Amino acid sequence: MAERHLNPMFCEIVDSLSRLTETVLSVACGSETTKEELTKGHDSRSMLADDIRKSLTNISSTISQASAEIGFARFSVGDFDRMQKSCQGILTVLTALNTSFKSDIWLLIVSSEVFVHEIAPVLKGTKLIEECCGFLSEIRELLTKSARESNNKSYFHPLETAVECKKLQLNRNFELIGEVHDVEATLSKRTKDQWNMLLEVNFFLLATEEFAKELTALRAVIIANPHNNWRIHFNFQHFLPIKTAISFLSKHNHVDASAADEPHPLPLAARVRNVLLSPPSVYSLKSAAAITCLLMVMYNQPIFYQKWYLSGCLVTSLIAISPSLGQQYFFLPIQIFATSIGTAVGCAAVLAVGDPNFAILGFALIVGIPCFYLTVFQPKYLFLGLFTLIAFSNFCCNTFANKTNPNFDLPLVYLYKLISVSSVTLAFSIVFSLTLYPVFARHVLRKQLFEVFRDLNIYYRKIVVATVNSPEDSSIFLEEGHLVDSRNKVLTKLDGLDSLANFGSSEPRLEGRFPIEKYKDLISHMYTLLDRFECMRISGGGKPLDASIRKILNSRGIGELRFEMQQTIRLLLYTFGSTVLLKRRLPPHLPNARQARERFFDTLVKTIVGHAFYPDSLLAEIPSDPHGVIEALNEEKWVRLLSFSAGAREVSYELDQFGTIMQELFGLIPDIFPDASPWARASGIEGNDDADEEAAIAS
């Protein structure tokens, strides 16, 4: 049963999260102080995070299997689903922290005397690492023991420790107020560096608090039902998807007020058309057509059907026809190898036993145990074990069932016919998939990439609305859970892109070899960009910024630059999504998100620094002196604003990296003006004349 595998899988996840937590938090305590150490540590932590992410994907598929079972277990399918989402939230915060350690600003921090003598010793004194890792150890103990055996009282308090860290008032350690000329002209490099280091430290403090909240949420799910150790679970909604049908039929009549930027609901007829033309639906129609062809042979040529044992073609054809051509080509060698091995072993078993009898069960054990192990416990080799078992059972069962049939062929002749029929069936499946509405994995990949860009755009807008643009009516504030759901939606789509890229590389392509390395690089940057957005969400703290802060951000000078930065980020996301969907070349002279953010940040800092020398009515609540400005920046509302600005900086830096990747994939439209695009000057890439192929994918 799938539920029995979930507890050990979650225990492994918690152990991995504990190791990742220890290494991530130790960086803030000064364990890595050079660029080489930070780069090496970042790479090792990224590999561990990727392994955890793959394990969470396996857990998600196992939960889907468990939802179709009637089980007797401690946790229900809903409990496992909430635990999986909590683990996903913990991993997201840790990867966001790990991504921030990669920046040049963090290298400045760990190289400064302020960090060595002031920040690192204070963080070590809070024992944050011991509290968080000890809390994870308690969570693992709760998973391995029954509710009555374990003690629900926790001896570790990571949330309280994180809150104490946030009260350390580390802003006093930075020289934020420069000279008067910083206000009158451009900010000096030293002042900018001090402010950037402050932003990074504030983000770390808020991220540790969010991390502690996610840990507490995971523990709350596990101890939710302390008195009901074992219960019978039956998820009847899996067999009666009433809610899904109602949601599908009534979707065009329901518009969420908080989701103004969501894709516009389509009419019912358009949604039915999209469902019928979707890859799963096309796969179902192809399978039905293949079965129809087989039945036509059975009814029109029954003697030929029986003589060549075409009944075994049914399973082979259904397995060979995959949702996409790339998936079909990817698994075709595995199916040929496994089918050949299973059939050959079955023939050897029949020849060794002689007259078919129950002694063949010994061979079934010899073949079944390793194949069953591969199928159940090794997801990487699932199809190898499954195909081998099917071929072996098909040969042995038919031979045993026809042992009294004088017209049945000898084992070697039967083996020859099975191999011949299987070869013809596989060839038929390839031709059938190529001629009847072919679905290419690379087309599905580009469409999924477009949807990820679109959802990232929506996610960013929701973060801004929930923190900066929140209206005064608190009844329509976007809740934190709504933002987390949007993040999980993006993560779910990202997790399926790697397999699509692998399938796409197996497909035939007239243009040449499929650039799988560039697509995987693009997917990797998408994960990083999502981490940057997560930094902004964490900085928001699950509620809007203070009204006085929003007033400053919406003022005439600062507000215009903030709006320009936000529009630049959203425009680039829309442009990249459209480029990858239509497979068009990238337009020249796209706006630069980094420059837009720098203009906004410089204006905000100059306004705050200038208030220390020349009082500004916009900052009337802050004392007009350097000491008063420093003290005000230690308040919660300013810490969140500075951390939010750090997240916006990293988002703009990462977003500009997509331009080069898009040019390498799809090219650049020639510029009719003499000045070349900044990206073109940097990379020297010319336009791709063949990039217009298959633009009809947009439909």
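**View 1. Low-confidence stretches in a predicted model.** Residues 473–477 keep a pLDDT (the predictor's confidence in each residue, from 0 to 100) under 50, and the model gives them four contacts (heavy atoms within 4.5 Å) beyond four places in sequence. Residues 679–699 also sit below 50, with 49 contacts in the model beyond near neighbours in sequence. Where pLDDT is low, don't read the predicted coordinates in detail. This is a predicted model, so local features need pLDDT of at least 70 and side-chain atom pairs count only at pLDDT 80 or more, while totals for chains, interfaces and linings use all residues. Residues are numbered from 1 along each chain as its sequence is written, and side-chain values use heavy atoms, with hydrogens and water left out.

**View 2. Confidence from helix to helix.** Helices here are DSSP runs of H or I, at least four residues, numbered from the N terminus; strands are runs of E, at least two. Helix 24 (residues 556–582) tops the chain with a mean of 91, and helix 29 (residues 678–683) is at the bottom with 46. The chain as a whole averages a pLDDT of 79, and has 29 helices and two strands.

**View 3. Helix 21 against helix 22.** The axes (lines fitted to C-alpha atoms over the stretch in contact, with angles from 0 to 180 degrees between N-to-C directions) of helix 21 (residues 497–505) and helix 22 (residues 516–540) come within 10 Å and cross at roughly 170 degrees. The pair is therefore roughly antiparallel (over 145 degrees). Helix 21 brings L497, D498, A501, N502 and S505 to the contact, and helix 22 brings I516, K520, I523 and M526.

Key. Angles under 35 degrees count as roughly parallel, over 145 as roughly antiparallel, 65 to 115 as roughly perpendicular and the rest as oblique.
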